[in-house]
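Trainee: I'm new to this one. Could you walk me through it?

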Amino acid sequence: MRSLIVYYSRSGQTAKIARELADALKCDLEEIIDTKKRSGILGWLRSGSDAMKKSLTVLERAVNDPAEYDLIVIGTPNWAGHVSSPVRTYIHQNQAKFKELAFFCTAGSNDFAGPFNDMHEISRKSPVATLGVRGKKINDGSYKSEVQEFIKTLPVNDI
Ligand SMILES: Cc1cc2nc3c(=O)[nH]c(=O)nc-3n(C[C@H](O)[C@H](O)[C@H](O)COP(=O)(O)O)c2cc1C
């Protein structure tokens with residue numbers, strides 16, 4: 001079973017989980033790169049506004065073709081209670097290519113339902129598993145057991 005971890009990360013938290021998942025699953029890792037400037041306070045405000053308006057953005061060309069994978073695990077930060085615009089765009093552009101999906105999300109709070117609902121709606125697929133990780137737990141290291149539990153629920157047979 002071929003698996004791909006795909007993520008967008010503005011400030012590194014979602015990237016950290018994505019790298020751990022790819023290491024543990026020994027699978028390919030794809031970073032979604034947005035062409036829109038997201039850094040600084042203006043970038044923060046623009047990102048929140050884009051997420052609330054459910055706007056799409058312009059992404060750099062992906063390295064991996066999602067059609068070549070049996071399972072795609074997609075990670076996003078929570079932006080204003082929604083999926084981030086780059087991940088919204090990625091799912092929107094590749095929806096027809098997905099076989100099985102799993103989702104993960106990082107957030108300042110425990111609110112993962114909004115982003116997961118968006119991802120489900122755009123992909124038109126129910127995820128086989130979801131993982132929500134709070135920033136506080138990433139910073140103090142206590143997220144690692146949650147990542148391990150999530151991995152156990154994934155339909156992969158090569159670990
Ligand atoms: C524009 C913006 C809006 C955010 N809105 C929320 C929110 O509504 N709820 C929440 O819990 N965290 C919110 N956050 C915090 C991020 O979800 C959290 O810090 C996440 O781990 C960042 O991931 P990243 O480092 O991969 O970009 C927001 C962050 C940004 C940049």
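Trainee: How far apart are the end C-alpha atoms of H1?

Mentor: Happy to start there, with two notes: this is a predicted model, in which local features need pLDDT of at least 70, side-chain atom pairs count only at pLDDT 80 or more, and totals for chains, interfaces and linings use all residues. Residues are numbered from 1 along each chain as its sequence is written. Helices (H or I, at least four residues) and strands (E, at least two) are DSSP runs, numbered from the N terminus. At 1.5 Å a residue (times one less than the number of residues), the 13 residues of H1 should span 18 Å, which agrees with the distance between its end C-alpha atoms, 19 Å.

Trainee: Which residues in H1 are buried?

Mentor: Buried means that 20 or more other C-beta atoms, placed from the backbone, lie within 10 Å of the residue's own. The buried ones cover an arc (of directions from the helix axis to the C-beta atoms) of only 135°, which puts them on the same side of H1. They are Gln 13, Thr 14, Ile 17, Ala 18, Leu 21 and Leu 25.

Trainee: Which element gives the largest share of the largest nonpolar core?

Mentor: Such a core joins buried Ala, Val, Leu, Ile, Met, Phe, Trp, Tyr and Cys residues through C-beta atoms within 7 Å. Of its 34 residues, those touching the most other members include Ile 5, Val 6 and Phe 103. Among the elements giving two or more residues are S1, H1 and S3. The largest share, 6 residues, comes from S5.

Trainee: Which residue just after H1 takes a positive phi?

Mentor: Look just past the end of H1, where the phi is about 50°. That residue is Lys 26.

Note on methods. A residue is buried if 20 or more other C-beta atoms lie within 10 Å of its own, exposed if 12 or fewer, and partly exposed in between; C-beta atoms are placed from the backbone.
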